[in-house]
Amino acid sequence: MSPRRTETGGRIDRLRTIRFTFDGAAYTGHAGDTLASALLASGVTLFGRSFKYHRPRGLLSAGVEEPNALVTVLRGEVREPNIPATMVEIYDGLVAVSQNRTPSLAWDIGAINQLGGKILSAGFYYKTFMGPVIGPLKGTRFWMFCEHFIRRAAGLGKAGTAPDPARYGRMNAFCDVLVVGSGPAGLMAAKAAADQGARVILADLEANLGGSANWSGETIDGMPAADWAQRMAAQLAGNDNVRLLPRTTVWGYYDGNTLAALERVTDHKEVAATGEPRQRYWAIRAGTVVLATGSFERPLVFPGNDRPGVMLAHAAERYANEYGVLPGQRIALFTNNDSAYRSAVALKKAGAAVVAIIDVRGDISNEMRRLTSDAGAELLAGHAVVATEGGKALTGLKVQRFDAMSGSLSGDERSIHADNLLMSGGWSPTIHLASQAGAKAEWDPARQAFLPPKPTQRWIGAGAFTGSFSTAEAIAEGRAAGLQAAGGAVSSGPLPVVEAAPGDPNPAPVFEIKAKGKSFVDFQHDVTAEDVRLAHREGFVSVEHLKRYTTLGMATDQGKNSNVPGLAIMAEALGKPIPEVGTTRFRPPYTAVSIGSLAAERFGDLKPERLTPMHDWHIANGARMYSAGLWYRPMIYGLPGETVEQAYVREARATRESAGIVDVSTLGKIAVQGPDAAEFLDRVYTNMFSTLAVGKARYGLMLREDGLAFDDGTTWRLGEQDFLMTTTTANAGKVMQHLEYFLDVIWPELKVTVTSVTDEWAGAAIGGPKARAILASCVTGTAVDNATLPFMGIVHGRIAGVPVMICRLSFSGEMAFEVYSGAGYGTRVWEALIEAGKPFGLVTYGLEALGTMRIEKGHVTGAEIDGRTTARDLHLDWMLSKKKPFIGSAMMDREGLIASDRLQLVGVVALDNRPLNGGGHIVEELDEANPHDSLGHITACCYSPALGKYIALALVKGGKARHGTRAFVSDPLRNRFGPVEIVSNHFYDPDGSRMHG
Amino acid sequence: MLITCPYCGPRDVIEFTYQGDGNRERPQPASQDLDAWNAYVYDRLNPAGDHNEIWQHSGGCRAHLRVVRNTITHEILSTAFARGGHKSADNRAEGRS
């Protein structure tokens, strides 16, 4: 067994040896060890290099607040940096490496930065790299030159680049009482609430429940506190209404008592069990939260306080009592309060020599004097540590007389030989979650600490979290909190009896010993007391500015150790009391949270795919698909060897020559039904629908409230009170929400219901000179001749035995029909139409040909109804009824919306017979080197088989007046310049003779 | 944040869609008072405190709700169906008749 490991004690299993590596060297530890305790037991003192100065650093703490001993854990190719070694449970095969050192921890080239400490003070980057460029060594350009080297030299661990193969889980949980922290207060609270029958969740970030009971060495109900805690945890585990979550950090407190937690499910295992995720994200909705999160011991600020071997007092106590590891053989303590005396006794009991207790206070109580002699230590009251010695491990320290009132040092320095210096600067309640929940912390001058605010959400505090640092108080407050949270009556029943060392919870208000040398406030970001004062001298008075200028508290530990000492030093510099300097608000997360856990199962392509009923047919018949919003639609049905342009030109030409068929199932379809349906449509559309006859359809246009164009489509009157509205594919959801809003909020008196039926109907549009003949050959139950089915008429019949609804309307400009059937029969009807079309030369066409024919006709889509255009801009003013108000009617005639120089829809013909591009600009004069003065832009383009030209639709300033004039396309990104003619958007068959037939 | 839908009970905010300031007053449909229309279309209250808002339970029953929410604490003070309760000139005319 290693020399630092004690013979007995602690929770580790000395019979089980675990093998792991750190920086490539093999080590062993025991089951129950953390990486920190195992390395400490193996004699390791050097754990990391500091952020800025590359100073050697050892363990400061034994828990989640650890700022120095950050490691990277490797699992195969995956590396996770910046994990405190104190939070890594060892397992066989663990591979961990240290950080921020080149080439090795012991020989670090970056340590040369320590010589430049005066230069690398707070604000170094701002001062060196900001401002105007004066000579070669200043300014932004210099920064860009230096950045590479600085980024390499400064910093923490390196993130990996390998994809993370681990699985992460997500759980939503509900409970009456969530208890955060499982020390004596949390255990009592959970027990009391559970006994009331409440559903309880107890979460603790450590692997073992029990908190301070695991190492306090106290006695509860006549048994060691650690045993008492284990028994309590076992009792709770037996309750059906209690869920225990060890290794679970509650890291966020959000509105409505929603809390976020991260459970490390398998990080401590060599191999995960089947189905286990690496980590699990918990979203917990709690009726009441009991915050029993304990407190953090604060470091003292004095020269050399960061040397490896200088450690928080309770951390050493914890290593000895919980892990059976002595952090040193000759131990000195430096304190401003009573709690360190207990630590001294514990370490003596564990087998270390305690050489001295150095207390800044001159007046020491008899109880503490007794503890000093129990520890066999020399008491140096009214003294302070002014220096530490040693390189990669502590060898000694120097003390001087110290006056706590004035902060002055006097007398000769005295050297003390020690390999471990424990410090205690008082305790800060862990109020992070309460602060996140929404209120400001309150300074307590007796405790010299920020205490939790009055709750603004449903939480109750207990134990050290509230500033009640003794275990007896924690037990009483815990039970009271648990009862209150569960709605139980206050109990006066007997409480577990605690035997503990005495101690005054109030420290002396001493945070810093001012002596020569670097005194660290923020260990992880290398911020010294002098940096804080420098910030003050340079005019930073607000605590928020101080934080940003010095980066105090902005490292991965978020200032768990450094906040209060930093504030105290700033307050002294300002000559103000601490509460007037203020504190920063804590924000989530409490500790680092893996991105993987936040994403959980939600990664990759999260969009649902919407497929039309005929999707499989399209795939089987050679369609090349592309996505349109969530939908997949055929782009072309290409023949072997065809380009996209060849395919769509063939499809469009064949449609105009014989017939073509296209899947239009994606159009939005909304059933608008009820006695007031016609009235409602009159208000929603710009044109009249109440005058529409049953069995007829009409093209409609909607505006937004601000008078701009919103959406278009046809609406079919199926019955007196029954309309089927179609919308553009892209706007289906928006139109639905728009209609619902007006029916529910603005016009609740209208008796109308709207129902989305997009997915209920399959739609096929069949158009071309032969379209009617094809239908005639396959439709039964109705005629489809001009008298029975006139333009915009609707008939009901059957195709292949399937009931269908046919409306004669045209997007392609040909004689065309839309055939709707129940979605489940879509493919059957589609195949029957294809079969019937064979003798007539029917082709299937995709979106490209659809777009080509609509451009030829000058119809608008979302590219033109782009949220900026009005009905007039799109030459749809003929649809604006003057007989009734409608949504947008009051606003559509505003000055700016009717100006003659607005962008208006035009057609564009390429005069150089080359393709045009969407987004290309239209200009009056061509200046390729200096493109400017755009008249507008192209919204859609194609090769038109009907015209034999490259054409486009465009929105052009005062476009209507420019018909017949020359302009140029200017598209510098794609280097496309050339002459165009501006024409009407109605390129093809402007009088509609083809579709009226 | 939880919003209590009168139909569906307390539901997570993720199920709802914010539909804007609930204090807006829509002019009579035939009104030509451009200032009133302008106020309705563009003016939004943005109080630091209690705010009268319209939310749609778009991931649930799709009803529109009138929600009073404190914009500082996110506390939901009340929820009710928007139907009928909206400050619409239309509604008031109807309601009194």
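**Figure 1. Helix α6 of chain A is a helix wrapped up by its surroundings.** In this predicted model, helix α6 covers residues 313-323 of chain A, and eleven of its eleven residues are buried, so the helix is largely enclosed by the rest of the structure. Look for charged names among the buried ones: they include A:Glu317, A:Arg318 and A:Glu322, alongside others such as A:Ala313, A:His314, A:Tyr319 and A:Tyr323. What does the covering of the buried residues of α6(A) include? Among the elements of chain A that do the job are α1 (35-41), the strands β16 (295-297), β17 (310-312) and β18 (330-335), then α7 (339-350) and β24 (420-424). Just past the end of α6(A) sits A:Gly324, which takes a positive phi of about 65 degrees.

**Figure 2. Helices α4 and α10 of chain A run roughly parallel to each other.** Two packed helices are described by the angle between their axes and the distance between the axes. Here, the axes of α4 (residues 184-195) and α10 (residues 471-485) come within 7 Å and cross at roughly 30 degrees. Angles under 35 degrees count as roughly parallel, and α4(A) and α10(A) are therefore described that way. The crossing is right-handed. On the α4(A) side, the contact includes A:Pro184, A:Gly186, A:Leu187 and A:Met188, while α10(A) offers residues including A:Thr471, A:Ile475, A:Gly478 and A:Leu483. Sorted by class, the contact of α4(A) with α10(A) has 13 nonpolar, four polar and three charged residues.

**Figure 3. Helix α4 of chain A also packs against helix α5 of chain A.** This time the partner is α5 (residues 225-237), with the axes 10 Å apart and an angle of about 30 degrees. That angle makes α4(A) roughly parallel to α5(A). Which hand does the crossing of α4(A) past α5(A) have? This one is left-handed. From α4(A), the residues in the contact are A:Leu187, A:Ala190, A:Lys191 and A:Ala194; from α5(A), they are A:Ala229, A:Met232, A:Ala233, A:Gln235 and A:Leu236. The contact of α4(A) with α5(A) has seven nonpolar residues, plus one polar and one charged.

**Figure 4. Chain B meets chain A.** Here 25 residues of chain B are in contact with 19 residues of chain A. On chain B's side, the elements that give two or more residues are α1 (34-42), β4 (50-56) and α2 (89-96). Which of them gives the most? That is α2(B), with three residues. This side of chain B has nine nonpolar, eleven polar and five charged residues.

Definitions and conventions:
Residues numbered from 1 in each chain as written. Chains lettered and ligands numbered in written order. Predicted model: local features only at pLDDT ≥ 70, side-chain atom pairs only at ≥ 80, totals over all residues. Contact = placed C-beta atoms within 7 Å. Helix = DSSP H or I, 4+ residues; strand = E, 2+ residues; numbered from the N terminus. Nonpolar A, V, L, I, M, F, W, Y, C, P; charged D, E, K, R; others polar. Buried ≥ 20, exposed ≤ 12 C-beta atoms within 10 Å, placed from the backbone. Axes fitted to C-alpha atoms, helices over the stretch in contact; angles between N-to-C directions. Parallel < 35°, antiparallel > 145°, perpendicular 65-115°, else oblique. Left-handed = near helix turned anticlockwise from the far one by under 90°.
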